[in-house]
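Let's take a walk through this protein, starting with its strands, then its helices, then its cysteines. Keep the 3D view open as you read.

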Amino acid sequence: MIKIAICDDDPKFVGATQEYLEKLAKEEHIELEMECFLSGNELIQEYKKGVLFDLIYLDIEMCGADGIETAKQIRQNDYHVLIVYISSHEEYLRQLFEAEPFRFLSKPVKYQEFRTVFWQAAERILEQQSNYFHFKTGKSFVKIPCKDILYFESAGRKVIVHTLQRSYEHYNKLNEIEENLKDMRFVRIHKAYLVNIDNVEAFQYERVAMSDGTILSISQKNRPRIRSEFWKYYHGVSEIGKTVEKKE
């Protein structure tokens, strides 16, 4: 799945880009999810809600925030999204470097050129996707770099994703997440907790301290296994010495 944003104040262009992408998806049997925005401000607001995209097709000249300002604000929250500028104004090319664009396409765009750039982007995105955790919360689709996740917490029918910046709730099962991330550095320390071992600040036989100061209990039956796994990764790690409210 590749999540794509199309941002242009010309509805005809937005529709044409959608048609190109739908044609690609059908021809190449690839799953795409598209959202359309008629202004840079709309796209910026979506990012402020925590929504991320894999690929953005972005016009330069728009009312309100233009494509360059839009991209600069997006880069404050997302360094990984690939931005493809599509414009008839090549004189802006030098200014675009501040927003680190992936490619530039000149209007009107020919399908073969569009297709080539899309696959250049798709290859990079699909290669990187294994390093992200994707989920839906409310009406928004979110992707988070796995390295930024502190731990997952089971809460009834929901799972809470804890990061240093914020927490997200979504409907899921911790067992399924554990299975999906079995090749990543996540360890199940409790029926309610799946922790990112790289974000464990300190380990003790009965509990761990996460890098945000949260203390999580290790269930008694898991303690011998967890100790073995942690010592495999961390030799000489310091014991927990903080006084923090413990989650049982």
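## The sheet

In this predicted model, five strands form an open sheet in the order β2-β1-β3-β4-β5, and their pairing is parallel. β2 (32-37) and β5 (103-106) sit at the edges with a single partner strand each, so one side of each has no neighbour in the sheet. On average, neighbouring strands here are turned by 20 degrees against each other, if you ignore direction.

Now look at β1 (residues 2-7): six bridges join β1 to β2, and the two run parallel. One spot to find is Ile6, whose bridge partner in β2 is Cys36.

## Helices across the sheet

Helix α1 (residues 11-28) lies across β1, β2, β3 (55-58) and β4 (82-87), and runs at about 180 degrees to β2. Helix α3 lies across β3 and β4, at about 175 degrees to β4.

## Two helices side by side

How do you describe a pair of packed helices? You use the angle between their axes and the distance between the axes. For α2 (residues 40-48) and α3 (residues 67-75), the axes come within 9 Å and cross at roughly 5 degrees. That makes α2 roughly parallel to α3.

On the α2 side, Gly40, Leu43, Ile44 and Tyr47 make the contact, while α3 brings Thr70, Gln73 and Ile74. Sorted by class, that's four nonpolar, three polar and no charged residues.

## What about disulfides?

A disulfide is a covalent bond between the sulfur atoms of two cysteines. How many disulfides does the whole structure have? Zero. Take Cys7: its closest cysteine sulfur is in Cys36, 9.7 Å away, and that's too far for a bond.

Is Cys7 buried or exposed? Cys7 counts as buried because its relative accessibility is 0%. Cys146 counts as buried too, at 3%.

Technical notes
Residues numbered from 1 in each chain as written. Predicted model: local features only at pLDDT ≥ 70, side-chain atom pairs only at ≥ 80, totals over all residues. Heavy atoms only, no water. Disulfide = S-S within 2.5 Å. Buried < 20%, exposed > 50% of the residue type's maximum accessible area, 1.4 Å probe, protein only. Axes fitted to C-alpha atoms, helices over the stretch in contact; angles between N-to-C directions. Helix = DSSP H or I, 4+ residues; strand = E, 2+ residues; numbered from the N terminus. Parallel < 35°, antiparallel > 145°, perpendicular 65-115°, else oblique. Contact = heavy atoms within 4.5 Å. Nonpolar A, V, L, I, M, F, W, Y, C, P; charged D, E, K, R; others polar. Pairing = 2+ DSSP bridges.
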